[in-house]
Amino acid sequence: MSPSAHSEPPRFAVVGNPANRRVGLFQDAVRAAGLPAARTVSWLEVLREGAVFLPGETVRIDSPGEDAEVDRLLRGGDDPARVEGSARWYARFTSAVQEVARVARAAGAVLLDGPQDIAVLFDKRLCHGVLDSAGVPVPDSPTSGPGASPVRGWADVRRLMAEHRMPRVFLKPAHGSSASGVMALETAGPGRIQASTSVERDEEGRLFNSLRVRRCTTEHEVAALVDALAPDGLHVERWLPKASQRGRVADLRVVVVAGRATHAVVRTSRSPMTNLHLGGARGDLDEVRAAVEAAGGSWSAALAVCERAAACFPDTLCVGVDLLPATGWRRFAVGEVNAFGDLLPRLTGLPGSGAEALDTYGAQVAAVLAAVSHDDRSDGVRRGTGPTNNERARNDRVREVS
């Protein structure tokens with residue numbers, strides 16, 4: 001798409017790590033649309049000196065991940081493989097995002113990502129509560145929303161599992177991403193317990209992320225991991241039995257751009273975690289669609305669930321929704337909504353999405369161009385003139401749990 005003769009084409013700026021593939025893929029999409037390269041504002045610059053934006057720029061906030069120095073400034077410590085420190089990371093990151101938004105608005109720039117949306121998306125307890133309140137199907141959770149009691153350690157987890165009759169749960173660091181610190185936990189009576197996790201603990205008790213999913217089979221080992229994770233905040237969800245494809249459990253990452261599901265990838269695994277970096281593999285999307293229809297379900301209804309989830313974050317152009325298909329492929333729930341869930345290289349859009357020839361980044365650039373062309377601020381791109389009512393409401397929720 002191209003802007004109309006009455007509108008100037010957008011001038012992009014991207015806040016990210018300049019050498020990161022996310023920034024590179026976005027730059028490719030900008031150039032493919034015939035636009036000047038985006039001006040890159042590095043996270044190191046933001047954290048050390050502060051960001052500077054130009055009047056009229058369209059500002060995309062991208063992930064600060066995969067940079068050791070940025071991680072050190074946000075999390076503390078010198079090893080990005082460490083699990084601990086996610087609460088400190090969250091506080092510093094959301095503060096930096098707020099400052100980016102303030103400076104961008106003061107310059108008269110356009111924001112593609114709402115700072116309060118990001119704050120909610122990076123707290124799994126808040127995000128779950130927002131989705132649940134909006135009627136989006138989600139797994140049951142005793143830690144949902146700002147009013148839930150904190151999880152202080154293994155004793156609290158055991159109590160919540162018993163009180164809510166949840167023998168199988170996913171235990172997630174409240175501010176984690178990419179399955180960092182996640183445990184798939186199941187019990188079968190006193191003393192019988194098993195957990196699958198990518199967390200490893202060294203001789204000094206420090207926690208590290210691994211690329212290998214392993215099993216813990218003693219309560220002593222599980223309790224030690226949970227007690228070490230708890231200070232940063234934990235979220236507990238019922239473990240829903242998921243559908244399978246070719247003998248492997250399956251779920252989907254669905255990207256929603258400007259309110260419309262544009263891209264989807266099937267993730268399959270022999271372990272409870274389907275993340276591709278943990279040994280998961282891409283499945284067959286055509287087979288999923290066929291299985292849904294054969295079961296009497298609706299593929300369009302499944303995508304509509306993702307769009308309903310994305311609608312809870314109207315100040316953000318693009319999110320990635322983790323869609324959990326129940327056994328039998330007829331029902332779906334939302335596991336998580338990801339602020340930076342669009343890294344699906346070389347994947348083109350879904351049929352009928354309007355993004356058939358575009359990757360996820362190209363779809364976002366096209367959405368911005370469409371909004372500029374129609375001069376319609378309600379299409380997901382808004383002017384940086386101050387916090388919206390949506391942001392004010394979510395800001396209240398963030399303060400309640402801070």
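Student: How many bridges join strand 7 to strand 8?

Tutor: This is a predicted model. Strand 7 covers residues 193-201 and runs antiparallel to strand 8. One of the pairings links Ala-195 to its bridge partner in strand 8, Cys-216. The number of bridges joining strand 7 to strand 8 is six.

Student: Which strands are the edge strands of the open sheet of five strands?

Tutor: The pairing in this sheet is antiparallel, and the strand order is 8-7-6-5-9. An edge strand pairs on one side only. The edge strands are therefore strand 8 (207-216) and strand 9 (234-238).

Student: By how many degrees are neighbouring strands of this sheet turned against each other on average?

Tutor: The value is an average over neighbouring strands, with direction ignored. It comes to 25 degrees.

Student: What angle does the direction of helix 8 make with that of strand 8?

Tutor: Helix 8 spans residues 219-229 and packs on the sheet. It touches strand 5, strand 6 (183-187), strand 7, strand 8 and strand 9. Its direction makes with that of strand 8 an angle of about 150 degrees.

Student: Which helix gives the most residues to the largest nonpolar core?

Tutor: This core has 64 residues, and Phe-53, Leu-131, Val-334 and Val-337 touch the most other members. Leaving out residues up to four places away in sequence, Phe-53 touches nine-listed neighbours including Val-100, Val-103 and Ala-104. With nine residues, the helix that gives the most to this core is helix 4 (residues 86-106).

Student: How many residues are in the second, separate core?

Tutor: Among its members are Ala-38, Cys-318, Val-365 and Val-368. The size of this second core is 25 residues.

Notes. Residues are numbered from 1 along each chain as its sequence is written. This is a predicted model: local features need pLDDT of at least 70, side-chain atom pairs count only at pLDDT 80 or more; totals for chains, interfaces and linings use all residues. Side-chain values use heavy atoms; hydrogens and water are left out. Two strands pair if DSSP finds at least two bridges between them. Helices (H or I, at least four residues) and strands (E, at least two) are DSSP runs, numbered from the N terminus. Axes are lines fitted to C-alpha atoms, for helices over the stretch in contact, and angles run from 0 to 180 degrees between N-to-C directions. Contact means heavy atoms within 4.5 Å. A nonpolar core is a set of buried Ala, Val, Leu, Ile, Met, Phe, Trp, Tyr and Cys residues joined through side-chain atoms within 4.5 Å. Buried means under 20% relative accessible area, exposed over 50%, partly exposed in between (1.4 Å probe, protein chains only).
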